[in-house]
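Take a moment with the sequence and the model before reading on. The paragraphs below walk through them step by step.

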Amino acid sequence: MAKGRVVIVGGGGGGDAAAFALRKKGYDGEVVIISADGDRPYDRPYLSKEFLRGEVEQAKVYLHAEDEYTRQGIELNLSTRVTGASTSERTLTLEGGKTIKFDTLVLSTGGTPRRLPGVPDAENVFTLRSLRDSEALRQAVGACSRPLIVGAGFIGAEVAASARTLGKEVLLVEAAPVPLSRALGEDVGRIYAAIHRDHGVDLRTGTQVKQWQLDGGSVSGVMLADGGRESVDFVLLAVGIEPNLELPKMMNLPIDGGGVRAGESLRAAEGVYVAGDIAMHQHPVLGRAIRVEHWEVAKGQGRGLATSIADGDTPYAKVPYFWSDQYDVSLEYRGNASGDDHAVWRGNPDLRTFSVFYLRDGLVAAVLSMNDKETGEAGQKLIESRARVDEQALADIGKDLRELLPA
Ligand SMILES: Cc1cc2nc3c(=O)[nH]c(=O)nc-3n(C[C@H](O)[C@H](O)[C@H](O)COP(=O)(O)OP(=O)(O)OC[C@H]3O[C@@H](n4cnc5c(N)ncnc54)[C@H](O)[C@@H]3O)c2cc1C
């Protein structure tokens, strides 16, 4: 078993999971988390859903009780930003100039919400990444009647659903013709467009904000590119993230596809591992490098790299999984598809209970399930099996998918 000090930069999904997994594996060296966030690690997915709607209070969003870190011998440094890193010296520099040493380094620094050019720096323009962001947004949603959400990706769509559930007159503006199409493809994206419109969201697609109207220090209205003028109470910019790659770049780690290129064991350089939104991981089952900005992937990779640190490099093979809850619609996605994969539908999209299998060279690369958990779980086994599957059988809801698995 490796010895020495493991320093983890990032107290989010990947970093927190790595620290606790190291202890679970029996690692008895020092484990140090350094996080720029002022709050101890919390469950980020709550921030666009239950916490935002006021259904879950702050005490419930933390991943562990405060004393759990002390009990596990995990040193947790909050409100501490790492500003420099050297691979050859094996040191990190903290804001303020202090230097600390590491034997093994874990980077799970997540991402920063993008801003758009031309958006005024007004007091009622929000982005959403941290617990404090969600707290501010929660107050703004509570006090508003007409929020503007710019961007209908997962965060924008989930906040739109939450605000609509609270009875707000939501204006959701998306530049692409179809919401969520980048992540889920146009056909499923169109189903989401219908779901939001059925719930009363004013969804405008294929357009963007052309002009911002300011009243004092606040945005009070916008003009859209298609000519519409709209009054709004506040703005949430939800147009994706930029992965936080400053430290990996300083350390000359290999950068690829918007992330840090890591091998099957999540190792990016000797004694340096990456997890979460910044990791471009060579996936052993999928046979290619993928970067996924989702919670379970970050946590799983944190646990996976802990195994490598504690027991020696081990391929991390778990198939990616994510979910999104909007209104009463539960989406689950397993695997990783790309645009040119062949889609096979199973179930009834009109009833919003269906799955889509994405096939590459006859193998299942991914399965998307809307309100159809059972098919999703069976689909995961098909992905893992690397078995060739019969398309007609996949599409046939009368067919038990377990029969398609190799004996
Ligand atoms: C509102 C919201 C809702 C979401 N909902 C879902 C969902 O329903 N399902 C899903 O699958 N995924 C969801 N996600 C995505 C998921 O939360 C992320 O993919 C996941 O948190 C990534 O984990 P990470 O460890 O890479 O980064 P993060 O969890 O973002 O953690 C990064 C940490 O690094 C720290 N940090 C960054 N730079 C430095 C530095 N230089 N020095 C010190 N510390 C630093 C940050 O402060 C932070 O603590 C959601 C994300 C958001 C924002």
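What follows starts at the ligand, moves out to the helices, and ends with a few single residues.

This is a predicted model. Begin with the ligand. A shell of 35 residues surrounds it, and G14, K49, S108, R129 and D277 come nearest. The shell is mixed in character. By class, 14 of its residues are polar, 13 are nonpolar and 8 are charged. Several elements take part. Helices α1 (13–24), α5 (154–165) and α8 (295–311) each give at least two residues to the shell, and so does strand β24 (321–326). Keep α5, α8 and β24 in mind; they return below.

Now look at some atoms that meet the ligand. D277 reaches it with its side chain: a polar atom there is 2.8 Å from a ligand oxygen. V82 uses its backbone instead, with a polar atom 2.9 Å from a ligand nitrogen. D37 also uses its backbone, where an N or O atom lies 3.3 Å from an oxygen of the ligand. How much of the ligand does the protein bury? Taken alone, the ligand exposes 990 Å², and the protein buries 94% of that.

Next, follow α8, one of the elements that supply the shell. Helix α8 has 17 residues. From first C-alpha to last it reaches 24 Å, close to the 24 Å expected at 1.5 Å a residue. Most of α8 is covered, with 14 of its 17 residues buried. Just after the helix comes G312, whose phi is positive, near 100°.

Stop at Q301, which sits in α8. Is Q301 buried or exposed? Q301 counts as buried because its relative accessibility is 5%, and the cut-off for buried is under 20%. Beyond its sequence neighbours within four places, Q301 is in contact with L266, A275, G276, A279, H281 and Y316. With G276 there is a close pair of atoms: a polar side-chain atom of Q301 lies 2.7 Å from the backbone nitrogen of G276. L266 is 35 residues away from Q301 along the chain, but their C-alpha atoms are separated by 7.5 Å.

Turn to α4, residues 131–143. Its 13 residues should span 18 Å at 1.5 Å a residue, and because its end C-alpha atoms are 19 Å apart, the model agrees with that expectation. Which residues of α4 are buried? They are L131, S134, L137, A140 and V141. There is a general pattern to recall here. An α-helix has 3.6 residues a turn, so residues three or four places apart point the same way. The cover over the buried residues of α4 includes α2 (58–61), β9 (125–126), α5 and β16 (234–237). Here α5 appears again, having already supplied residues to the ligand shell.

Helix α9 spans residues 373–385. It too has 13 residues, and it reaches 19 Å from end to end, close to the 18 Å expected. Its buried residues are T375, G376, A378, G379, Q380, L382 and I383. What covers them? The cover includes four strands, β25 (329–335), β26 (342–348), β27 (353–360) and β28 (363–370), along with helix α10 (391–395). R386 follows α9, and its phi is positive, near 55°.

Now for H196, in helix α6 (residues 181–198). H196 counts as buried because its relative accessibility is 3%. Its side chain makes a polar contact of 2.8 Å with the side chain of Q326. Setting aside neighbours within four places in sequence, H196 is in contact with A157, A160, A161, V201, Q326 and Y327.

Y327 deserves a look of its own. It lies in the loop between β24 and β25. Most residues other than glycine have a negative phi. Y327 is not a glycine, yet its phi is positive, about 55°. Y327 is partly exposed because its relative accessible area is 21%.

L180 offers another positive phi, near 60°, and it is not a glycine either. L180 lies in the loop between β11 (171–174) and α6. How covered is L180, buried or exposed? L180 is buried, with a relative accessible area of 5%.

Conventions
Residues numbered from 1 in each chain as written. Predicted model: local features only at pLDDT ≥ 70, side-chain atom pairs only at ≥ 80, totals over all residues. Heavy atoms only, no water. Near = heavy atom within 4 Å. Polar contact = N/O pair within 3.5 Å; in protein donor to acceptor, adjacent residues only side chain to side chain. Areas by Shrake-Rupley, 256 points an atom, 1.4 Å probe, with all protein chains shown as cover. Nonpolar A, V, L, I, M, F, W, Y, C, P; charged D, E, K, R; others polar. Expected span 1.5 Å × (residues − 1). Buried < 20%, exposed > 50% of the residue type's maximum accessible area, 1.4 Å probe, protein only. Contact = heavy atoms within 4.5 Å.
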